[in-house]
Amino acid sequence: MSKTVVLAEKPSVGRDLARVLNCHKKGNGYLEGDQYIVTWALGHLVTLADPETYGENYKSWRLEDLPMLPSPLKLVVIKKTGKQFQAVKFQLLRKDVGNIVIATDAGREGELVARWIIEKAHVNKPIKRLWISSVTDKAIKEGFRKLKSGKEYENLYASAVARAEADWIVGLNATRALTTKYNAQLSTGRVQTPTLAMIAQREEEIRSFKPKKYYGMKAVTTDGLSLTWQDAKTKDTKTFAEEQLDQKLKNLKNKSAVVVDVKTTPKKTYSPALYDLTELQRDANKRYGYSAKETLSIMQKLYEQHKVLTYPRTDSRYLTSDLVSTLKDRLEACRTKEHAAVIAKITKQPIKANKSFVDDQKVSDHHAIIPTEESVPMSALSDKERKIYDLVVKRFLAVLLPAYQYDQTVVTAEIGNESFFARGKRIVSLGWKEVYSDYKDEDSDDEQTLPSLSKGDNLSLTSLSKTTGETKPPARFNEAALLSAMENPTKYMAGESKELIQTIGETGGLGTVATRADIIEKLYSSFLIEKKGKELFITSKGKQLLTLVPEDLKSPVLTAEWERKLTKISKGSLPKQTFLNEMKHYAKEVVNEIKNSKQTFKHDNVTGKKCPECSKLLLEVNGKKGKMLVCQDRECGYKKGVSKVTNARCPNCHKKLELRGEGEGQMFACRCGHREKMSTFQERRKKNQNSKVSKRDVAQYMKKQDDEFTNNALADALAKLNLKK
């Protein structure tokens with residue numbers, strides 16, 4: 001009887017598949033059973049060849065050798081994972097193997113991982129596809145019962161190849177052209193450059209912003225009611241005409257307020273939608289300061305290792321109707337002491353699916369991120385894993401709860417001829433907000449507890465005063481805001497046609513949910529942006545790069561057009577080669593424009609220190625994790641760390657300290673001005689540790705606890721433990 005090779009993307013998933021498929025015999029890079037052989041990649045094992053592969057002339061970077069347009073592009077085995085490729089290839093070519101099941105991540109890139117391995121191994125055997133959104137035993141068994149023909153995914157593979165080859169053709173040509181033209185390490189790409197341009201545009205908006213003072217009025221009654229002035233015509237609570245407002249304030253002196261209307265309106269709000277990856281990355285950055293890359297890494301562990309969450313790289317915030325029958329089991333899996341009462345409330349009655357979170361039409365490759373049917377002891381999760389898991393669990397519970405209901409009361413009063421108002425509310429039902437004790441309404445700042453009032457009541461005033469404020473520039477991007485802008489960059493497309501703006505919306509903006517984190521990291525590592533606190537700043541290098549690249553490479557339009565065409569390829573309505581021919585033509589245009597450019601590039605971060613390799617002056621750059629000295633000659637490539645941001649905290653302002661220097665001369669420095677030698681820091685840390693409970697004590701205590709997110713008794717118990725010492 002012939003066997004089937006199951007090709008997974010990572011060893012952890014491969015082991016799960018092997019266990020379910022009863023493959024227990026261990027081999028070199030595989031696990032075997034009576035019917036199946038499970039093997040795995042290590043991410044990509046095969047990639048597109050570097051330019052050097054196509055000829056001696058490409059080994060040196062020279063402007064005159066561009067554009068590089070080899071045809072066809074070659075596949076090569078990645079050296080560091082070559083051993084595993086040979087192990088996979090051996091299994092695929094076995095004579096007793098009759099079929100292949102692709103079990104890599106269910107998406108465009110997952111398809112590419114597997115198909116490139118199969119193509120490079122020169123294997124021509126029937127292919128089936130495992131398409132699942134979680135790696136629980138139940139999902140795997142169900143997936144193997146419903147294996148799909150590999151032919152259904154050939155167009156998806158074609159679109160993946162088109163994406164990879166287009167990035168090679170345009171990205172490498174543009175990067176080599178810029179780098180050789182200006183003798184500086186300058187990289188560009190269809191996603192990273194428009195993203196950089198958005199940061200630059202925001203910086204320009206802040207720089208050119210001119211604050212403007214505005215004014216308003218506030219009245220306070222004898223019973224503590226605060227009334228806000230509202231312009232009768234514009235309904236605005238502020239005006240820029242100070243003199244006019246001063247005159248109104250003068251006319252209202254010594255007058256009382258008369259209630260002209262008391263209106264109570266029942267209102268309700270519904271839970272935010274389930275998480276897709278970008279929304280989860282945004283929330284994790286806002287709440288915990290996690291980078292997009294870090295959140296994705298945590299999610300991968302929760303998906304692959306702990307199996308408590310579904311596939312993370314999804315762009316949908318909805319579920320398919322076939323999942324409704326599984327919701328009760330998923331609720332039971334995430335039942336903890338913290339959420340037990342809410343889950344009991346949800347499961348009292350049959351769960352009703354509605355269009356707010358179940359819609360087959362709004363799910364493409366994968367549904368929203370939700371808990372799986374498997375539970376895990378919370379002690380098995382790290383602190384960061386618990387936090388991300390809890391975010392997903394709360395959002396999952398929220399969509400299954402009823403609306404948040406409240407009565408909103410608006411009191412309208414008149415003082416003279418001017419209108420004032422006060423707003424308050426009474427909660428009728430917490431609904432979904434029961435799981436969000438820290439949730440804050442965006443419009444709750446001006447709400448207050450209102451006294452019992454009726455139309456016609458006269459209210460004596462204790463004060464009537466002018467209020468002032470100043471318009472503020474737009475906030476700088478942090479990672480959460482940048483992810484939002486990448487997802488919907490239409491506001492940065494002034495002057496573009498409605499059709500192009502609509503295209504951006506249809507294609508999901510810049511990059512995909514799976515690539516945005518890597519794009520942001522690339523901007524850091526290329527020293528095009530830097531982080532100060534939580535805010536992102538464009539560097540001088542980044543600003544100059546935007547003056548050097550062709551105009552359309554800075555616009556979201558280009559990547560939107562690409563994604564639209566890649567979608568067409570995946571649906572079989574556009575030939576892959578037609579798209580790639582367009583990309584070759586475009587690459588020629590980009591290279592010619594850069595070659596003929598009259599622009600110049602100047603390093604403005606040159607230090608007085610010479611490179612030990614080539615004697616040219618070194619550049620000081622701010623990396624994501626600290627400062628580095630980098631040789632300005634790209635061919636030299638010398639780098640040296642100068643300082644790094646640590647997890648140690650400043651004793652004055654409690655911000656992260658920067659470690660500078662080498663050997664005995666190392667010292668910690670803070671932006672607030674605090675400085676201390678390494679020896680002083682270690683003495684201070686030792687003193688602090690002696691006055692606290694040790695990590696070992698905490699670990700021993702935690703082992704005894706129930707599998708909960710939090711334990712309110714922990715603080716008391718640790719305090720007692722400390723007292724006994």
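Student: Before the surface numbers, what probe do the accessible areas use?
Tutor: Accessible areas come from the Shrake-Rupley method with a 1.4 Å probe. The model here is a predicted one.

Student: OK, how much area does the protein expose?
Tutor: About 37,400 Å². Carbon and sulfur atoms supply 48% of that area.

Student: And how much of the protein is buried?
Tutor: Of its 725 residues, 48% count as buried.

Student: How many helices and strands are there?
Tutor: The protein has 21 helices and 26 strands.

Student: What about contacts between residues at least 6 apart in sequence?
Tutor: Among those, 71% join residues at least 24 apart.

Student: Switching to rings. How many aromatic pairs does the structure hold?
Tutor: Eight. One of them is Tyr36 with Phe144, with centres 5.6 Å apart.

Student: Why is the Tyr36 and Phe144 pair called edge-to-face?
Tutor: Because the planes of Tyr36 and Phe144 stand at 75 degrees, and angles over 60 count as edge-to-face.

Student: Which parts does that pair tie together?
Tutor: Tyr36 lies in strand S4, residues 36-40, and Phe144 in helix H4, residues 137-145. So the pair links parts that are 108 residues apart in sequence.

Student: Are Tyr36 and Phe144 buried or exposed?
Tutor: Both are buried.

Student: What about Trp432 and Tyr436?
Tutor: Their ring centres are 6.0 Å apart and their planes are at 75 degrees, so this pair is edge-to-face. Trp432 is buried, at 2% relative accessible area. Tyr436 counts as buried at 8%.

Student: Which ring does the charged end of Arg395 sit over?
Tutor: The ring of Tyr275, 4.1 Å from its centre. The charged end of Lys238 sits over the ring of Tyr214, 5.6 Å from its centre.

Terms used:
Residues numbered from 1 in each chain as written. Predicted model: local features only at pLDDT ≥ 70, side-chain atom pairs only at ≥ 80, totals over all residues. Heavy atoms only, no water. Helix = DSSP H or I, 4+ residues; strand = E, 2+ residues; numbered from the N terminus. Buried < 20%, exposed > 50% of the residue type's maximum accessible area, 1.4 Å probe, protein only. Contact = heavy atoms within 4.5 Å. Phe/Tyr/Trp six-rings, centres within 6.5 Å; stacked < 30°, edge-to-face > 60°. Lys NZ or Arg CZ within 6 Å of the ring centre and 35° of its normal.
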